[in-house]
Amino acid sequence: MRPLPDWLTDDRETAALAAMLSPDSSSSLEALAAESKAITLRRFGRTMTLYAPLYLSNYCSSGCAYCGFASDRKTPRHRLEPDEIHRELAAMKKLGISDVLLLTGERTAAADFDYLRRSVEIAAQEMQRVSVEAFPMSVNEYRELAGCGCTGITIYQETYNRERYEALHRWGPKKEFFDRLETPARALEGGIKSVGLGVLLGLSDPVEDALCLYRHLRHLGRTYWRAGMSVSFPRMRPQTGGYKPPFEVDDFLLARMIFAFRIALPDTELVLSTRESAAYRDGMTGLGITRMSIESRTTVGGYDDPENKEKGQFEIFDDRTVKEFCAALRKKNIEPVFKNWEPAYNGPSEGKIATIQPGKTKPCH
Amino acid sequence: MDFLQLGSYTFSSRLILGTGKFSNATVMLEAVRASGAQLVTVALRRFNREQPEDDLLGPLSAIEGITLMPNTSGASTAAEAVRAAHIARELSGSPFIKVEIHPNPQHLMPDPIETYEAARILAKEGFLVMPYITADPVLAKRLEEVGCASVMPLGSAIGSGQGVATAAMIDIIIRESGIPVIVDAGLRSPSEAAHAMEMGCGAVLVNSAVAVAGNPPEMAEAFAEAVAAGRKAFHAGLMPKSGSAIATSPLTAFLGAKE
């Protein structure tokens, strides 16, 4: 059995974070909240960057026990064709959205790399910032995507507990724990500018997973010094398919995790999606979270056809409109920011180190 | 009158304001007005032509007496910054460009190599280049050589509020520089801005300290007063600082004494 890499198991680096996350921690939740709020305000100001997901396809080749789109579910499958993508993006733009996250399932013939690349090309014409949450790719594929205007890759390890990972990912390419673990590094190697990491809270011991996630981020930061990084806190919600998460993460523990990550990673973007309720998201505004999704649909498409009654990958708990959501942000004295990127900065990140060209230097005697 | 000279432009205010991190555009505009700033920086990534409510360029352009200085925040290479500068000039009509290249989006420290390269290209193209740099006296001179309108060394990390932690290096930069030295980033309080001005800085740039203050317009005004006071003090000439007490019985009294 292949051993876990040292960087994932070295607990010296996570002592401070572990102390904050421990259930019998000496830091009160209120004290952590105050510190997290102060850091967030100083570093990110009174702003919240907004994005929205667009599910391109729900075809999938993997059998994740917890997912509504797993390949054994009876969910009707389809994918958006180029003209539909155009229509969806146009509908999203009408809502003010200019930062889009494109999603697919694991790699299939119906939604393969070429399909994804073409979709990114279309989105990059319409949107100011395009990121992708899809299947693990090769370095060359990531480089190609970066060249088409993809700036960010979101890829969750789901759980860093290998035994649980292998039990939950029953078949398909996602079964490969190490392939998944090495994906963010491949994306950065390929010139993707930022990676979004996370664990699916509820699948395994959440504190153990949070510590591994932190080590993963630190490892990537040391290896790819130009990397932008963000952390999401997706919490298991009732799924299409009826999976019950074995480890419940309550509101208090989730809050503790968000505050502790803000304190441990003062410069990192922290993301909270519409999986969480309006009240929870409003409460977290200004306390640590700096990026939120808005008016999300987790069905394939859905922006151009609001009457779509199809079931999504998971249920949305904050279903407010962009307008309602922005009004709530403003009430908390936070500015919603729709465009926080400039396409002039698109293109593969230059990770190379300049070398002396042969023949250009004189020997020194 | 004591003016700040940047290229062919003169400014009576020596406070430059950043426009990010505010809770809304109205408060930001109030702070700009209250600061009396005549030069204001705005990130190209916050230009939004498709959605006026999300756009910072439009409302800032509408203020009279303000010169805009677009910045390339978000760029991680010289090539990206040059591209951004071209777009920014086309959209804003301003000849100023604040070259801000931070390849690591976590700590936002400026890349000296890419910054030098972008500044060299843009100065040649006729931009008034204002490079954001670490407080490096050699880099500052190299940037002056390629024709920058100023250098903007950081007081401390962006948004850190640690004040002029690089004072010793900034002192050397000021002593050696033939162009205005503008402390950019890290200032938390008006007294720190006054200190930078007393040291001989040509101006200071402030953003977070105003944007996240309890009352941004009031804080902007406080910074304006501190900057003016600091400049006046520099002009008046501070009394020399002495590190040690002077002995009442002089140690050198024996010198020149008659036998």
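Trainee: Which residue follows α4(A), and what is the sign of its phi?

Mentor: That's Gly96(A), and its phi is positive, near 100 degrees. Keep in mind that this is a predicted model.

Trainee: How do you know that the span of helix α4 of chain A agrees with its number of residues?

Mentor: Count the residues: α4 runs over residues 82-94, which is 13 residues. At 1.5 Å a residue they should span 18 Å, and the end C-alpha atoms are 18 Å apart, so the two agree.

Trainee: Which residues of α4(A) are called buried, and what makes them so?

Mentor: They're Ile85(A), Glu88(A), Leu89(A) and Met92(A). A residue is called buried because 20 or more other C-beta atoms lie within 10 Å of its own.

Trainee: How do you know that the buried residues are on the same side of α4(A)?

Mentor: They cover an arc of only 95 degrees around the axis, which puts them on the same side of α4(A). What covers them includes β1 (47-55), β2 (99-103) and α5 (113-126) of chain A.

Trainee: And which residues are exposed on the other side of α4(A)?

Mentor: There you'll find Asp83(A), Ala90(A) and Lys94(A).

Trainee: Okay, now the two chains. How many residues does each chain bring to the contact?

Mentor: Chain A brings 30 residues and chain B brings 30 residues. On the side of chain B that touches chain A, α3 (78-92) and α8 (208-211) each supply at least two residues. α3(B) gives the most, with four residues.

Trainee: How do the residues on that side of chain B divide?

Mentor: Into nine nonpolar, 14 polar and seven charged.

Technical notes: Residues are numbered from 1 along each chain as its sequence is written. Chains are lettered from A and ligands numbered from 1 in the order in which they are written. This is a predicted model: local features need pLDDT of at least 70, side-chain atom pairs count only at pLDDT 80 or more; totals for chains, interfaces and linings use all residues. Two residues are in contact if their C-beta atoms, placed from the backbone, lie within 7 Å. Ala, Val, Leu, Ile, Met, Phe, Trp, Tyr, Cys and Pro count as nonpolar, Asp, Glu, Lys and Arg as charged, and the others, Gly among them, as polar. The expected span of a helix is 1.5 Å times one less than its number of residues. A residue is buried if 20 or more other C-beta atoms lie within 10 Å of its own, exposed if 12 or fewer, and partly exposed in between; C-beta atoms are placed from the backbone. The arc is that of the directions from the helix axis to the C-beta atoms.
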